[in-house]
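Hi,

Here is the structure I said I would pass on. Have a look at it first, and my notes follow underneath.

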Amino acid sequence: MFASITAPPMNLLGPELVRDLVSLIQQAEADDAVRVLVFKSADPEYFISHVDLTRIKEYRQEAAKLTGEASIALLFRHLSASRLVSIAQIEGRVRAAGSEFVLACDMRFAARESAIFSQIEPAFGQLPGGGAAQYLTRLMGRARALEVMLSAQDYDAKLAERYGWINRALPAATLGDFVGSLAHRIAGFPAAGHIAVKNRVNAIALAPIEDFRRDSDLFAEGVRNPEALSRIQAAMKRGLQTRNGELALAQLLGELANH
């Protein structure tokens, strides 16, 4: 199954997108014929930019319709633990919760020319709340995970591949064909094998649900902190959550360093 992310103007992860993601996962898990889910974006500049910081309570409530808890961290972990094999085909910017969403997918392939990755939350004094600390530390190791999160810097696809953030960086012209071919090949093998392999790999590499819940709770606490609110408001004035402003978000965040 192929799903295209469309949430104008810049694919913010808000309640509507979370609602649609929950519905898609529920439908796919209920259909035994669906074995592989491929996510791509209809917007070449933004895959998923990050959460809509003005609608945090609303999108968390939508996530609860799948997991029973108001937390996108648990929604993302559900996807990692699902019997479905999930693949992210990434073009454009994927930051913060957008990065955490693709990290929750089983595999990630990105366009060499356009994909950009970042965990921006520490620029506001917060821990990433959707599982980044859990996924990135296991994928990259301690030092690189700390670099990525504490710098809140943009990483291109070539460096993301080198660090282990993604499986491969590929030319945009060949990305879709590669992912489509891989998805169909995997889907042609027995579902029992998918489940057995994912269960064993997850037993080794997927953090316990309690760790995701803790990070989610810390993010919820942090976003209410006066300093975080002040820095978010300052960033909004400079173009945060605007399509043009976020084309160079790393520079914008750097300008907040002395706020």
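**Helix α6 and its surroundings**

The buried residues of α6 pack against α5 (132-140), β8 (155-156) and α7 (157-163). Bear in mind that this is a predicted model. The residues in question are Ala145, Val148 and Met149, from a helix that spans residues 142-151. Looking down the axis of α6, you'll find them within an arc of 90 degrees, so they line one face of the helix. Ala143 and Leu150, on the other side of α6, are exposed. Just after the helix comes Ala152, with a positive phi of about 50 degrees.

Now for the core. The largest nonpolar core has 74 residues, and the members that touch the most others are Phe39, Phe47, Phe101 and Phe117. Helix α1 (residues 15-30) gives this core its largest share, 7 residues. If you click on Phe117 and skip its neighbours within four places in sequence, its contacts include Ile90, Val94, Tyr155, Ala157 and Trp165. There is also a second, separate core of 12 residues, with Val36, Val38, Leu170 and Ile186 among them.

What about empty space? The count is 1 cavity of 30 Å³ or more, and the largest cavity holds about 180 Å³. Its lining is made up of 20 residues, and Val51, Tyr59, Ala96, Glu121 and Phe219 lie nearest the centre. Elements giving two or more residues to that lining are α2 (56-67), α3 (72-81), α4 (97-104) and α10 (209-222). Sorted by class, the lining has 11 nonpolar, 6 polar and 3 charged residues.

Cheers

Definitions and conventions
Residues numbered from 1 in each chain as written. Predicted model: local features only at pLDDT ≥ 70, side-chain atom pairs only at ≥ 80, totals over all residues. Heavy atoms only, no water. Core = buried A, V, L, I, M, F, W, Y, C linked by side-chain atoms within 4.5 Å. Buried < 20%, exposed > 50% of the residue type's maximum accessible area, 1.4 Å probe, protein only. Helix = DSSP H or I, 4+ residues; strand = E, 2+ residues; numbered from the N terminus. Contact = heavy atoms within 4.5 Å. 1 Å grid on protein atoms, 1.4 Å probe; cavity = no way out; pocket = protein on both sides within 12 Å on 5 of 7 lines; lining within 4 Å. Points joined across faces, edges and corners; volume = space filled by probe spheres on them. Nonpolar A, V, L, I, M, F, W, Y, C, P; charged D, E, K, R; others polar. Arc of directions from axis to C-beta.
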